[in-house]
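Reader: I am new to this structure and would like a close look at a single part of it. Please take the second chain written, and go through its helices and how they are arranged.

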Amino acid sequence: MKSVSSQTLRNAVVVFLVVGILFLALGGFLRPILGVVMDPFISAQRWLSERFMEVYDFFTLPRDVADLLQKNAKLKDEVSSLQSQVIQMQEQLREASVLYSLLDFARSRPEDKYIAAAVIGRDPNPFLRYIIIDQGSDDGIQHGMPVVTQQGLVGKVDAVTASAARIQLITDPGSVVNVRLQNQTADAQIIGSVTGEVTLEMLSQNTDLTPGEILLTSGLGGNYPGDVIVGQVSEIIATENQLFQTALVQPIVDFTALRAVLVITNFNSININSLVPIAAP
Amino acid sequence: MLANFIAIPVMLILSVLQITAVSRIVLFNGTADLVLLAVAAWGVRERGKNVFLWAFIGGLLISFTSAMPLFTPIAPYMFIALIARLFQDRLWQAPILSLIIVVFAGTLFQHIFNIVVLQLNSVNLGFIESIQKVTLPSLLLNFFFLFPIYVLISDIGKWVFPEENYE
């Protein structure tokens, strides 16, 4: 009986102590002591957790990398697809701007009728300066029709097939264009060369020629309509002892970057060869 | 027979490439000539006896597109085919060397021929100026395109004549 009482008393003391400690802990009175006791456990748990996560990552990361690589490849495909779309758009925009410029030029000369054509090739012979366009006799193109851009004179139609035409540029060594000076009443000729340079010739010595002078087609000879800008005098070649003046001309059209041209369809060139006298043998 | 027929699509593709792309690649005033290179590359091959047909087809296609007097571009290609066969007979163990010599001589002949023809047609061309500013850059560009065309033509040759594969 005595032992039972003592056991019960001991249990009661233990319960009392435990409940008391719980109350002290819940009341926050044991926090410093708990901190000292728990900190090593928490540190150990953190270390263990980190090591575990490293091991976990080691086994699971390759799968994620493969997944990321797949996604990356897909995104790269999308980027390249979008880039090609951007390039196509830029190309279309460039073509549209060229066509708008040509349209503006056509509106500024309502008396002429035009057919727009894209440049699809160049003469394979390096001595000649011809281009090939994608419009032919089926579209109304005929031999001798003048060709222009929004900037100025390009040349004339030299040969025609059903769906394409060949244009002789004014820079071709066989090209001769009758021109006049914009600010003076003087006629001359511009002649192409094998290097693509254009020279002004047959200009009277009485004319006061200065660099920067604008040249327009004169319409003489019946090959080109009048008043189309051809180029600008860039350098005068001093030839005082000769009958005529000579100068280098900077064409207004950039022939290396020709993409589209306008063919003037309501201008009929006149062949005056039969009027040229032939020297008697 | 296939070697004859294959000349038509090959020359057609090369002439289209020439007109649309290669003619725009200009060094000073010179351009490469893919048809000339193809004729030379086929001609220096051991089995390239039908190179004259290649030259004729190539010249004909160029003749239709160029502003040169009709059919005149055929003559230089035929000459190139001739000298290619001559060199093949004599330097059959060194096709690359033959090819370089044929392209050099062929380009010079073709350009001099063109200058003479254009001058006869009253086109304003200076001989020395043309050689300096057109022919020499063209020669350089022809050498630049020489080996890619040679490889292409060799592959076509191996396809047409499979028994040559032991080379």
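Author: What follows covers confidence, then the contact with the other chain, then three helix pairs, and last a short note on the partner.

Residues are numbered from 1 along each chain as its sequence is written, while chains are lettered from A and ligands numbered from 1 in the order in which they are written. This is a predicted model, in which local features need pLDDT of at least 70 and side-chain atom pairs count only at pLDDT 80 or more, whereas totals for chains, interfaces and linings use all residues.

Confidence is given as pLDDT, the predictor's confidence in each residue, from 0 to 100. Chain B has an average pLDDT of 89, and 96% of its residues score at least 70. Helices (H or I, at least four residues) and strands (E, at least two) are DSSP runs, numbered from the N terminus. In chain B the lowest confidence falls in helix H1 (residues 2-5), with a mean of 78. The highest is in helix H3 (residues 34-43) of chain B, at 94. Where pLDDT is low, the predicted coordinates should not be read in detail. The model as a whole has an ipTM of 0.92 and a pTM of 0.76.

Next comes the contact between the chains. Two residues are in contact if their C-beta atoms, placed from the backbone, lie within 7 Å. Chain B contributes 25 residues to the contact, and chain A contributes 21 residues. On the side of chain B that touches chain A, at least two residues each come from helix H2 (7-20), helix H4 (51-65), helix H6 (95-120) and helix H7 (127-160) of chain B. H7(B) provides the largest share of that side, five residues. Sorted by class, the residues of the side of chain B that touches chain A are nine nonpolar, 12 polar and four charged. Here Ala, Val, Leu, Ile, Met, Phe, Trp, Tyr, Cys and Pro count as nonpolar, Asp, Glu, Lys and Arg as charged, and the others, Gly among them, as polar.

Now to the packing inside chain B. Two packed helices are described by the angle between their axes and the distance between the axes. Axes are lines fitted to C-alpha atoms, for helices over the stretch in contact, and angles run from 0 to 180 degrees between N-to-C directions.

Take H2(B) and H4(B), which also supply residues to the contact with chain A. Their axes are 9 Å apart, at an angle of about 35 degrees. The crossing of H2(B) and H4(B) is right-handed; a crossing is left-handed if the near helix is turned anticlockwise from the far one by less than a right angle, and right-handed if clockwise. From H2(B), the residues in contact are Ala7(B), Ile8(B), Met11(B), Leu12(B), Ser15(B) and Ile19(B). They meet Leu53(B), Trp54(B), Ile57(B), Gly58(B), Leu61(B), Ile62(B) and Thr65(B) of H4(B). The contact of H2(B) with H4(B) has 10 nonpolar and three polar residues, and no charged residues.

H6(B) packs against H3(B) at an angle of about 140 degrees, and their axes are 10 Å apart. H3(B) and H6(B) are therefore oblique to each other, on a scale where angles under 35 degrees count as roughly parallel, over 145 as roughly antiparallel, 65 to 115 as roughly perpendicular and the rest as oblique. This crossing of H3(B) and H6(B) is right-handed. Among the residues of H3(B) that meet H6(B) are Leu36(B) and Gly43(B), and among those of H6(B) are Val102(B), Gly106(B) and Gln110(B). Seven nonpolar, four polar and no charged residues make up the contact of H3(B) with H6(B).

H6(B) also packs against helix H5 (residues 74-90) of chain B, where the axes come within 9 Å and cross at roughly 155 degrees. That angle makes H5(B) roughly antiparallel to H6(B). The crossing of H5(B) and H6(B) is right-handed. The contact includes Phe79(B), Ile83(B) and Phe87(B) of H5(B), together with Val102(B), Gly106(B) and Gln110(B) among the residues of H6(B). By class, the contact of H5(B) with H6(B) has 12 nonpolar, four polar and no charged residues.

As for the partner, six strands of chain A close into a barrel in the order E1-E2-E5-E4-E3-E12, with antiparallel pairing; two strands pair if DSSP finds at least two bridges between them.
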